[in-house]
Amino acid sequence: MSSALSQELRKKYHVRSMPVRKDDEVSVVRGTYKGREGKVIQCYRKKWVIHIDRITREKQSGATVQVGIHPSKCVITKLKLDKDRKAILERKNKEAKSAKGKGKFTEQDVAMADVD
């Protein structure tokens with residue numbers, strides 16, 4: 001389950017989206033809870049939702065329950081980084097890929113192809 005990164009994180013890491021996980025900080029950008037921010041306290045993979053700190057509602061019985069929010073309706077504002085996450089950022093880094101010229105031929109490659 002992935003969420004988009006905020007503009008600041010996009011500029012910093014050159015990555016558009018990341019899988020969301022517990023302890024990331026997110027901001028809700030769509031729906032009833034638009035504009036609310038908080039820390040991810042649970043990723044409920046069976047229901048394809050995430051539960052965010054301080055986004056709750058009260059049931060008829062008076063108990064408070066977490067409201068599930070789909071990760072595509074959130075923006076990650078702060079990442080919890082560890083070695084696995086850093087590896088994902090390195091792999092997805094768009095700027096490094098474009099500098100390498102993925103599968104592109106250079107002028108020299110084309111010139112050497114005719115030398116037979």
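In which sense do strand β1 (residues 2–5) and strand β7 (residues 74–78) pair, and over how many bridges? They pair in the parallel sense, over two bridges. Keep in mind while browsing these close-ups that the model is predicted.

**View 1. β1 sits alongside β7 in a parallel pairing.** Zoom in on residues 2–5 and 74–78, the two stretches that make up β1 and β7. A handy pair to label is Leu5 and Ile76, since Ile76 in β7 is the bridge partner of Leu5. As a bit of background, strands of a sheet pair through backbone hydrogen bonds, either parallel or antiparallel.

**View 2. Seven strands make an open sheet with mixed pairing.** Reading across the sheet, the order is β2-β1-β7-β3-β4-β5-β6. At the edges stand β2 (17–19) and β6 (64–69); each has a single partner strand, so one side of each is left without a neighbour in the sheet. There is some twist to look at here: on average, and with direction ignored, neighbouring strands of this sheet are turned by 50° against each other.

**View 3. β3 has antiparallel pairings with β7 and with β4.** With β7, the pairing of β3 runs over four bridges. Here Val26 has Ile76 of β7 as its bridge partner. Ile76 is also the bridge partner of Leu5, so to speak a shared landmark with View 1. Towards β4 (residues 37–44), β3 (residues 25–28) is joined by three bridges. Pick out Glu25 and you'll find Lys39 in β4 as its bridge partner.

**View 4. The largest nonpolar core holds 19 residues.** Which residues touch the most other members of this core? Those are Ile52 and Ile76. Five elements each supply at least two residues: α1 (7–13), β3, β5 (49–58), β6 and β7. Of these, β5 gives the most, with three residues.

**View 5. A close look at what Ile52 touches.** Leaving aside residues up to four places away in sequence, Ile52 touches Val26, Val28, Gly38, Lys39, Val40, Ile41, Gln66, Ile69 and Cys74. Two residues of that list turn up in View 3 as well: Val26, the bridge partner of Ile76, and Lys39, the bridge partner of Glu25.

**View 6. Asp23 and Lys80 meet in a salt bridge.** Their side chains come to 3.5 Å, N to O. Asp23 belongs to the loop between β2 and β3, and Lys80 to the loop between β7 and α2 (83–92), so the pair ties together parts that are 57 residues apart in sequence. Asp23 is partly exposed, at a relative accessible area of 30%. Lys80 counts as partly exposed too, at 35% relative accessibility.

**View 7. Arg85 forms a salt bridge with Asp24.** The closest N and O atoms are 2.9 Å apart. Since Arg85 lies in helix α2 and Asp24 in the loop between β2 and β3, the contact ties together parts that are 61 residues apart in sequence. Are these two residues buried or exposed? Both Arg85 and Asp24 are buried.

**View 8. Lys83 and Asp84 form a salt bridge.** In this pair, the closest N and O atoms are 3.8 Å apart; the cut-off for a salt bridge is within 4 Å. Lys83 counts as exposed, with 67% relative accessibility, while Asp84 is partly exposed at 48%. The full count for the model comes to four salt bridges.

Definitions and conventions. Residues numbered from 1 in each chain as written. Predicted model: local features only at pLDDT ≥ 70, side-chain atom pairs only at ≥ 80, totals over all residues. Heavy atoms only, no water. Pairing = 2+ DSSP bridges. Axes fitted to C-alpha atoms, helices over the stretch in contact; angles between N-to-C directions. Core = buried A, V, L, I, M, F, W, Y, C linked by side-chain atoms within 4.5 Å. Buried < 20%, exposed > 50% of the residue type's maximum accessible area, 1.4 Å probe, protein only. Contact = heavy atoms within 4.5 Å.
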